[in-house]
Amino acid sequence: MLKTGNMLRSANSPQYFKMMKMMPKWSRSSSVCVKSEPEEPRITTSIPGPKTQQLLKQLSKLQQAGSVQLFADYDKCVGNYFVDADGNVFLDAFTQISSLPLGYNHPKLMDAFDDKHYLKQLINRPALGVFPSSKWPEMLNNILMAVAPPGLKCVSTMMCGSCSNENAFKSVFIWYRTKERGGKIDFTPEEMNSCLINQPPGSPHLSILSFKTGFHGRTLGALSTTRSKAIHKLDCPAFEWPCASFPKYKYPLNEHERENCEEDQKCLSQVEDIIHKQKQCNPVAGVIVEPIQAEGGDNEGSPEFFQCLQKICKKNGVALIIDEVQTGCGPTGKMWCHEHFNLPSPPDIVTFSKKMLSGGFYFNESFMPPQPYRIFNTWMGDPGKLILLEKVIKVMNEENLICNTKHTGNHLKKGLLELEKELPNVISSVRGRGTFLAFDAPTAEARDKINIDLKKNGVLSGACGVKAIRIRPALIFQKKHADIYLDILRKTLKKL
């Protein structure tokens, strides 16, 4: 049990679900307070500035640094504001690719390791699968299970989003083959010998179905399900795993209900056809899907799409993996984005990372491997990250940050829709949930210019898909920050 504010949360208990339905915590009015924040962005040099350019030259001699945009002075970053090496102050609406739940240098995190017990957890980093701390079961229950997706009672910690998805795939394959053996957990000599030379039956022909324009990581197994940009995949061998189309909606949604419903049905029919065809050669053991395709363009799927997708998976004995690496931990106005979909039962596996600070995946009991060492690596996560996450969750409760995200997101989305009406030739298809928002530019070139010009004007944002700008602020992003963003965006778009 984890005390957070004046409430006591017990994961998956009847009391917990009753409280969540009553929403006495996440949904009541927010009281976010960020002290010592700048009032607004302040740009005093060219972007990138001279110090940043010098540092980039130094780094480029050591590694491929073409992705580096700015170097930070993290001592000076605070709240929603990023300060670069040249002293320029930016309103950060991208937050390290959606990874900072409380922004920069939050005071409740700054003293996390003043406690010597916590400090020792940090410096004596354990091989969690072999020598965990005596506090580890308590930490998992009190921290990760306190915010678990409803109905999922097991969790495995990992290092990042990619390895969370990789090990989710392994769990699905183990589960699938155990079913095929009728629940037997012993292996034949043929299975044991053949797997060492990458041949069946020990290395079976199985697949994970993913969706076009989806992103699930850059390690080799995850990369075989990533389909957002060619640059991620070029020159890398890949599994011959199938993919289906993900819905591409017309906006505004309420004006295109019929077309978007037809789009859902077309994509779902494709999923079902692929599963049936693959049974003959490379059976689909699992389907992985993002609640909102982030890297691929912030593409939404309707609740009806996800409900039907789950139904197809269940009917065909296929596991459903929801990838909440970007959408988890509150940015969409709920702790987990798939909670918006009112699924009749929990997903089989939910992967997480980014705002959750630690990577990992939640799962139901049937996906627990029957043998040890099968879901395993040296560290399997980091207790230090859970110490920070415990404090994050406490702040989220005390300051009602999911409520703040919902209200700020409504305000921000309304402002974006007003800009779309004012400047329809340069901004379109405003979409998303909470502050997890995006809009389209007319072309990829125009999108890139908008993103660069926003930076020059003091705002950090992100690009995704072919021509989309994505917004990924911290949970402490408030209406006043949204107004600054909207004002600078308007000036940027008008100049375009």
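At what angle do helix α10 and helix α11 pack, and how far apart are their axes? Keep that in mind as we set off, and remember along the way that this is a predicted model.

**Stop 1: a pair of helices**

Select residues 257-278, which make up helix α10, together with residues 303-315, which make up helix α11. The two pack at an angle of about 15°, and their axes are 10 Å apart. With angles under 35 degrees counting as roughly parallel, α10 is therefore roughly parallel to α11. The crossing of α10 past α11 is right-handed.

Now show the side chains where the helices meet. On the α10 side, pick D264, C267, L268, V271, E272 and I275. Their partners in α11 are F305, C308, L309, I312 and K315. Sorted by class, this contact of α10 with α11 has 8 nonpolar residues, 3 charged ones and no polar ones.

**Stop 2: a second pair of helices**

Next, select helix α14, residues 444-456, and helix α15, residues 479-495. How do α14 and α15 lie relative to each other? Their axes come within 10 Å and cross at roughly 125°, so α14 and α15 are oblique to each other. This crossing, too, is right-handed.

From α14, the residues to display are I450, D453 and L454. From α15, add Y485, I488, L489, T492 and L493. The contact of α14 with α15 divides into 6 nonpolar residues, 1 polar and 1 charged.

**Stop 3: along helix α15**

Stay on α15 and click on A482, which is part of this helix. Is A482 buried or exposed? A482 is buried, because its relative accessible area is 0%, below the 20% cut-off. Leaving aside residues up to four places away in sequence, A482 touches T408, H411, L412 and F477. For a distance to try in your viewer, go from the C-alpha atom of A482 to that of L416: the two are 10.0 Å apart, with their positions 66 residues apart along the chain.

Further along α15, select K491 and D487. They form a salt bridge, with the closest N and O atoms 3.3 Å apart. Both residues lie in α15, 4 residues apart, or about one turn of the helix. D487 counts as partly exposed because its relative accessible area is 38%.

**Stop 4: more salt bridges**

Side chains of opposite charge can pair when their charged atoms come close. How many salt bridges are counted here? The count comes to 16, and two more of them are worth a visit.

Start with D298 and R472, whose side chains meet in a salt bridge at 2.4 Å, N to O. D298 sits in the loop between β9 (292-293) and β10 (299-300), while R472 sits in the loop between β18 (468-471) and α15, so the pair ties together parts that are 174 residues apart in sequence. Both D298 and R472 are buried.

Then move to E191 and R177, a salt bridge with its closest N and O atoms 3.0 Å apart. E191 is in helix α8 (residues 189-195) and R177 is in helix α7 (residues 161-180), 14 residues apart. E191 counts as buried at 10% relative accessibility, and R177 is buried as well, with 15%. Widen the selection to R177, E180, R181 and E191 to see a network of linked salt bridges.

**Stop 5: unusual backbone spots**

Most residues other than glycine have a negative phi, and most peptide bonds are trans. Which peptide bond is cis, with omega near 5°? The bond from P200 to P201 is, and P201 lies in the loop between α8 and β6 (207-211). Another cis peptide bond joins Y251 and P252, with omega about -5°. P252 belongs to the loop between β7 (243-244) and α10.

Finish with two positive phi values. Go back to the loop between α8 and β6 and select N198, where phi is near 60°. N198 counts as exposed because its relative accessibility is 62%, and the cut-off for exposed is over 50%. For the last click, choose D235, in the loop between α9 (220-223) and β7. Phi of D235 is near 75°, and D235 is exposed, with a relative accessible area of 81%.

Conventions:
Residues are numbered from 1 along each chain as its sequence is written. This is a predicted model: local features need pLDDT of at least 70, side-chain atom pairs count only at pLDDT 80 or more; totals for chains, interfaces and linings use all residues. Side-chain values use heavy atoms; hydrogens and water are left out. Buried means under 20% relative accessible area, exposed over 50%, partly exposed in between (1.4 Å probe, protein chains only). Contact means heavy atoms within 4.5 Å. A salt bridge is a side-chain nitrogen of Lys or Arg within 4 Å of a carboxyl oxygen of Asp or Glu. Axes are lines fitted to C-alpha atoms, for helices over the stretch in contact, and angles run from 0 to 180 degrees between N-to-C directions. Angles under 35 degrees count as roughly parallel, over 145 as roughly antiparallel, 65 to 115 as roughly perpendicular and the rest as oblique. A crossing is left-handed if the near helix is turned anticlockwise from the far one by less than a right angle, and right-handed if clockwise. Ala, Val, Leu, Ile, Met, Phe, Trp, Tyr, Cys and Pro count as nonpolar, Asp, Glu, Lys and Arg as charged, and the others, Gly among them, as polar.
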